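Got the viewer open? Let's take a short walk through this one, one selection at a time.

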Amino acid sequence: MQVLTDAQWAKFEAAIAAVGIRGARPRKEDRRTIEAIIWRLANGAKWRSIPAELGNWHHAYLRFRRWAMRGVWDKIMAHVVAQGEPKLAFACIDGTVARAHQKAAGARPSKPTM
């Protein structure tokens with residue numbers, strides 16, 4: 001399973017190199033891990049739902065969390081924007097409809113009719 005095209009991965013890989021991420025150990029399988037993270041975010045699925053072809057879900061979660069805490073994702077995004085790459089936009093659509101009983105909103109209780 002491939003989430004990114006080779007051209008997309010080349011740009012992402014260049015951004016990772018430009019940011020200069022250092023860790024205690026050399027990173028392995030960067031592409032599979034990044035694709036697992038992108039797949040999870042694009043599908044809104046749980047981490048455990050990442051397809052096995054994209055590697056261990058826990059490894060992807062740890063990488064995502066570590067990079068988020070260190071601000072690596074922000075640095076990668078800043079690098080991509082500085083390169084004049086795609087015009088990026090963010091959209092969030094919430095289709096949730098929640099209906100509550102009138103009493104749930106703090107309405108006075110109605111008097112029973114006899």
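Select Arg63 to begin: is it buried or exposed? This is a predicted model, and in it Arg63 has a relative accessible area of 3%. The cut-off for buried is under 20%, so Arg63 counts as buried. You'll find Arg63 in helix H3, which covers residues 57-70.

Now show what surrounds that side chain. Leaving aside residues up to four places away in sequence, Arg63 touches Arg27, Lys28, Asp30, Thr33, Ile34 and Ile37.

Keep Asp30 and Ile34 on screen, since both turn up at the next stop. Select helix H1 (residues 6-19) and helix H2 (residues 30-43): they pack at an angle of about 105°, and their axes are 11 Å apart. That makes H1 and H2 roughly perpendicular to each other. On the H1 side, pick Asp6, Trp9, Phe12 and Ile16; they meet Asp30, Arg31 and Ile34 in H2. Colour this contact by class and you get 4 nonpolar and 3 charged residues, with no polar ones.

Stay on H1 and bring in helix H4 (residues 72-82). Here the packing angle is about 115°, with the axes 9 Å apart. H1 passes H4 in a right-handed crossing. Which residues make the contact? From H1, select Phe12, Ala14, Ala15, Ile16, Ala18 and Val19; from H4, add Trp73, Lys75, Ile76, His79 and Val80. Split by class, the contact of H1 with H4 comes out as 9 nonpolar, 1 polar and 1 charged.

Last selection: Phe12 and Ile16, which take part in the contact of H1 with H2 and also in the contact with H4.

Definitions and conventions:
Residues are numbered from 1 along each chain as its sequence is written. This is a predicted model: local features need pLDDT of at least 70, side-chain atom pairs count only at pLDDT 80 or more; totals for chains, interfaces and linings use all residues. Side-chain values use heavy atoms; hydrogens and water are left out. Axes are lines fitted to C-alpha atoms, for helices over the stretch in contact, and angles run from 0 to 180 degrees between N-to-C directions. Helices (H or I, at least four residues) and strands (E, at least two) are DSSP runs, numbered from the N terminus. Angles under 35 degrees count as roughly parallel, over 145 as roughly antiparallel, 65 to 115 as roughly perpendicular and the rest as oblique. Contact means heavy atoms within 4.5 Å. Ala, Val, Leu, Ile, Met, Phe, Trp, Tyr, Cys and Pro count as nonpolar, Asp, Glu, Lys and Arg as charged, and the others, Gly among them, as polar. A crossing is left-handed if the near helix is turned anticlockwise from the far one by less than a right angle, and right-handed if clockwise. Buried means under 20% relative accessible area, exposed over 50%, partly exposed in between (1.4 Å probe, protein chains only).
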